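Work through the exercises below with the sequence and the model in view, trying each task before reading its solution.

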Amino acid sequence: MTKRDMIDDLVDIVYPWPDPLPEDADEDARWGLDAWRDEVAEQRREFEQNLRLTAEHAEEYFDPLLAEIGTARQEMREAEARMRLLVAYAREFVRPRPYQLKDLAAATGMSISGTRTAYDDDEIEDVARRLGRPPRRKNPTSAATATEHDTTEAEN
């Protein structure tokens, strides 16, 4: 019996094997599962190799669990930043009308007011740069009218 270590456990947690198919699964499903297992096997191998090489060559103490938690946190921050860009796009670039706040709130898991303030001018500028076009023109109405529009829209 081989000795398991934390890296083996992390591989199982981060890249779990796909669940088996029911016995009555068709041939296409079996082929798809085999392809998925091959992909997972490669991801597991690369992940384990990277962790072991990092641990072996680290000049300071390397804790693979804390490193993976840090990686997960960084991925969360990146996902949150991507979500802010997508909300900015939905509100400021989609034509002829922006997505409704209630729909974006449901998609983001935020409140309507949280969705309204989820992005700022930096995200709008970033989306504009990535798209190569400015945001849609806002109506030349007052801020109060825009707020009334958002409130009415949220109620719909």
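**Exercise 1: a salt bridge within one helix**

R129 counts as exposed because its relative accessibility is 60%, where exposed means over 50% relative accessible area, buried under 20% and partly exposed in between, with a 1.4 Å probe and protein chains only. This is a predicted model, in which local features need pLDDT of at least 70 and side-chain atom pairs count only at pLDDT 80 or more, while totals for chains, interfaces and linings use all residues. Residues are numbered from 1 along each chain as its sequence is written, and side-chain values use heavy atoms, with hydrogens and water left out.

Task: find which side chain meets that of R129 in a salt bridge, and explain how the two are placed in their helix.

Solution. Begin with the criterion: a salt bridge is a side-chain nitrogen of Lys or Arg within 4 Å of a carboxyl oxygen of Asp or Glu. The side chain of D126 meets that of R129 in this way, at 2.5 Å from N to O. Next, look at the positions: D126 and R129 are separated by about one helical turn because they are three residues apart in helix α6. The general rule behind this step is that an α-helix has 3.6 residues a turn, so residues three or four places apart point the same way.

**Exercise 2: the partners of R52**

Task: determine which side chains form salt bridges with R52, and where these partners lie.

Solution. First, the side chains of R52 and D8 form a salt bridge with an N to O distance of 3.0 Å. This pair links distant parts of the chain, since R52 belongs to helix α2 (residues 27-57) and D8 to helix α1 (residues 6-14), 44 residues apart. Helices here are DSSP runs of H or I with at least four residues, strands are runs of E with at least two, and both are numbered from the N terminus.

Second, R52 also meets E48 in a salt bridge, at 2.9 Å from N to O. R52 and E48 are separated by about one helical turn because they are four residues apart in helix α2.

Third, compare the exposure of the residues: R52 is partly exposed, with a relative accessible area of 28%, E48 is partly exposed at 27%, and D8 is buried at 19%. D8 also lies 9.5 Å from R44, C-alpha to C-alpha, although these two are 36 residues apart in sequence.

**Exercise 3: helix α3 and its start**

Task: describe the length of helix α3, the cap at its N-terminal end and the surface patch to which it contributes.

Solution. Start with the span: α3 covers residues 64-92, which makes 29 residues, and reaches 42 Å from its first C-alpha to its last, close to the 42 Å expected at 1.5 Å a residue. The expected span is 1.5 Å times one less than the number of residues.

Then examine the end: D63 caps the N-terminal end of α3, with a side-chain oxygen 2.9 Å from the backbone nitrogen of L65. L65 is itself part of helix α3, and at 35% relative accessibility L65 counts as partly exposed.

Finally, turn to the surface: M6, L65, L66 and I69 make a nonpolar patch of about 370 Å². A patch of this kind joins nonpolar side chains (Val, Leu, Ile, Met, Phe, Trp, Tyr) within 5 Å, taken from residues with over 30% relative accessible area and no salt bridge. The largest share of the patch, three residues, comes from α3. The buried residues of α3 include L85, V87 and A88.

**Exercise 4: the surroundings of E123**

Task: decide whether E123 is buried or exposed, and list what its side chain reaches and which residues E123 touches.

Solution. E123 sits in helix α6 (residues 121-131) and is buried, with a relative accessible area of 13%. The side chain of E123 reaches the backbone nitrogen of D120 at 2.8 Å. If residues up to four places away in sequence are left out, E123 touches R84, L85 and A88, where contact means heavy atoms within 4.5 Å.

**Exercise 5: the whole chain**

Task: state how many helices and strands the protein chain has, and what share of its residues is buried.

Solution. The protein chain has seven helices and zero strands. Buried residues make up 25% of its 156 residues.

Definitions and conventions
Polar contact = N/O pair within 3.5 Å; in protein donor to acceptor, adjacent residues only side chain to side chain. Patch = residues over 30% accessible without salt bridge, like charges linked within 9 Å, V, L, I, M, F, W, Y side chains within 5 Å. Areas by Shrake-Rupley, 256 points an atom, 1.4 Å probe, with all protein chains shown as cover.
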